[in-house]
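Let's take a walk through this structure together, one chain at a time. Have the picture open as you read.

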Amino acid sequence: MMPKLNASNAVAALMCAALILLPVYSAATGNIFILTLFTRITIYALAAASLNLIMGYGGMMSFGHAAYLGIGGYAVGILAAEGIGSGFIQWPVALVVSALFALLIGALSLRTRGVYFIMITLAFAQMAYYVASALSRYGGDDGLTVYKRSDFAGLINLSDRNQFYYLCLACLFGGLYLIWRIVNSRFGLVVQGVRSNEQRMQAIGFHANRYRLVCFVIAGTICGLAGALLANNTDFVSPAVMYWTRSGDLMVMVILGGMGSLFGPVVGAIVYLLLEELLSQFTEFSGLILGPVLLLIVLFARGGIMGLLGRMRRG
Amino acid sequence: MYLVVEQLLNGLQFGLLLFLLAAGLTLVFGIMDFVNLAHGSLYMMGAYFAATFVAWTGSFVLGALMALGATLLLGIVLEYVALRHLYGRGHLDQVLATFGLILFFNDAVRLIWGPAGLALPLPAWLTVPVQIIPGVYYPAYRLMIIAVALAVAAMLYLVVMRTRVGMLIRAGASNREMIGALGINIKLLFTLVFGLGAALAGLAGLMQAPILTVQIGMGENILILAFVIIVIGGIGSIRGAFMAAIFVGIIDTMGRAFLPDLLRKVLSGAAASTAAPALSSMLIYLLMAIILVLRPEGLFPAAKR
């Protein structure tokens, strides 16, 4: 099927092209900073996109999504500290552990609804935060330095700036493609149906919570991948990655960009992190501007930036 | 034995402090259906105002009263300027907007008071230990916190259950549209309730200030505890919040005090010293998770709307 040409699709296409060409620009101008900044942005975009899968399409408002960032990161960091440097082991472990954690907390949390769901996911993330703080063998509160990035047997060199950027970008596009396929599959339609009317879906014979749980686990696994990337990017992982304000950051990215739109979280991550970076260049007190901007966006731009673009089309 | 009494009192004191914070949160949540993440910022502002005013006036009581007034005013201004436009919105919009306010307040405080923490020294008459039962001394200031918080709780109970304003508040909690239709100025009522919640948060902050340092981000950790309490207690229920707060305060304090020794009896020394701090910090969240798994609507579910 051919996507329609409208403001939000045009923005998404332009954004993808710009992300692909960014290393060329960076090499031409010698601006390395922009490449490292956007490496971080693509990783957070992937995490936000996974949150969007459950929040935007599944209607599950998880306030503990940053837990998977930490779990994926610690899987890489702990294995590296124990002398297992191969990415072929580290990354599958990161994904499997994230999936298991999501399965456990999803199975328990999905018994609740609404604000209670927000709070119970938050509680589990906080527990993960305190467990990580207590891992004194792996740095405890201070965090764990990853001295060597994941080794992929010469296939790809994660210490090379451009290669690592393209790896992150490939993961982001892969994640978005997966989410797109899920959302448009029978499974995804059921999940969205449950979001809009759970009782009706139950009545026509769908086991709502099973669909929800699978969706929750998929999102957690994708975010675990983002965590593995993040640990490689910063060469460091600490409990702070899992703190509730970080989960809040991810939520902000999703809502800012536009919940339930495929590229919304990517736009949200770019705008939020760029704004934070730009503001911190000329003022130490970026929150003084960023905070009210968030408030204004909520008050005047419902549906986030992609929602705004969608309205432009309709005039 | 004395240690247990002392820790029980500490737990009670912490629980009552949490109640002050949770009461405002549960009122605003129950009546306006508004999730206010910035409640922790009001707590922080209360502490900063108190540190400033006490240093300025030289009197602890006077400074504390001025700080209380200042947070009340701040809450009302905040509600009037921004938050009242968010009442009809979904919880997510509210979370996003008030998350923005947290960022704003943290940097505003850093701009005004600087990044280093402040200390709020106690006057001499509050630092003496008091003998509560023969052989057991307890700091006078902590006793004062218990007394003030209990008095505020009693006052809150009387206001909500025995006065006309309280009746309107309860009516607003059970059906907002209806009391608006009956000709009550609901906007004014909401502003008042929000201001009251802000003042309670400020009171909690300024009373906690001499025990801990006054610093940026002090409201964030405790805000989550307050949310835990209102979820355990059932959203919108002040009585539930009171019981849950004391429960949480005592469990948290006792866990931190005695869990390490208990674990050491079961586990090896090294394992116990690793597990104890994590487990005692997690205890509250574990408790909430268990309660929500067993009772998905909290312990004292509020009446159905």
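**Starting with chain A**

Chain A has 13 helices and two strands. Its radius of gyration is 19 Å, close to the 20 Å that the globule rule gives for 315 residues, so chain A is as compact as a globular protein of that length. Keep in mind that what you're looking at is a predicted model. If you boxed up the C-alpha atoms of chain A along the principal axes, you'd need roughly 55 × 45 × 40 Å. Of the 315 residues in this chain, 50% count as buried. Take the contacts in chain A with a separation of 6 or more: 77% of them come from residues 24 or more positions apart.

Now swing over to chain B, which has 11 helices and two strands. Where do those strands sit along the sequence? Reading through chain B, you get α-α-α-α-β-β-α-α-α-α-α-α-α, so to speak a run of helices, the strand pair, then helices again. For 305 residues, a compact globule would have a radius of gyration near 19 Å, and the 20 Å of chain B agrees with that. The C-alpha trace of chain B spans about 65 × 50 × 40 Å along its principal axes. Here 47% of the 305 residues count as buried. As for contacts in chain B with a separation of 6 or more, residues 24 or more positions apart make up 77%.

Next, how do the chains meet? The contact takes 39 residues from chain B and 35 residues from chain A. On the chain B side, helix H4 (91-113), H9 and H11 each supply at least two residues. The largest share there, 16 residues, comes from H4(B). Sort the chain B residues that touch chain A by character and you get 28 nonpolar, six polar and five charged.

One of those helices deserves a closer look. Helix H11 of chain B, residues 269-294, has a kink of about 45° centred on Leu283(B). Which residues of H11(B) are buried? Among them are Ala276(B), Leu279(B) and Ser280(B), along with Met282(B), Ile284(B), Tyr285(B), Met288(B) and Leu292(B). And what covers them? The cover includes helices from both chains: H4 (87-109) and H5 (114-133) of chain A, together with H9 (218-233) and H10 (238-266) of chain B. So to finish, find Leu283(B), where the kink is centred, and then look for the chain A helices H4 and H5 among the cover of the buried residues of H11(B).

How values were computed. Residues are numbered from 1 along each chain as its sequence is written. Chains are lettered from A and ligands numbered from 1 in the order in which they are written. This is a predicted model: local features need pLDDT of at least 70, side-chain atom pairs count only at pLDDT 80 or more; totals for chains, interfaces and linings use all residues. Helices (H or I, at least four residues) and strands (E, at least two) are DSSP runs, numbered from the N terminus. The radius of gyration is taken over C-alpha atoms; the globule rule is 2.2 Å times the number of residues to the power 0.38. A residue is buried if 20 or more other C-beta atoms lie within 10 Å of its own, exposed if 12 or fewer, and partly exposed in between; C-beta atoms are placed from the backbone. Two residues are in contact if their C-beta atoms, placed from the backbone, lie within 7 Å. The bend at a residue is the angle between axes fitted to the seven residues ending there and the seven starting there. Ala, Val, Leu, Ile, Met, Phe, Trp, Tyr, Cys and Pro count as nonpolar, Asp, Glu, Lys and Arg as charged, and the others, Gly among them, as polar.
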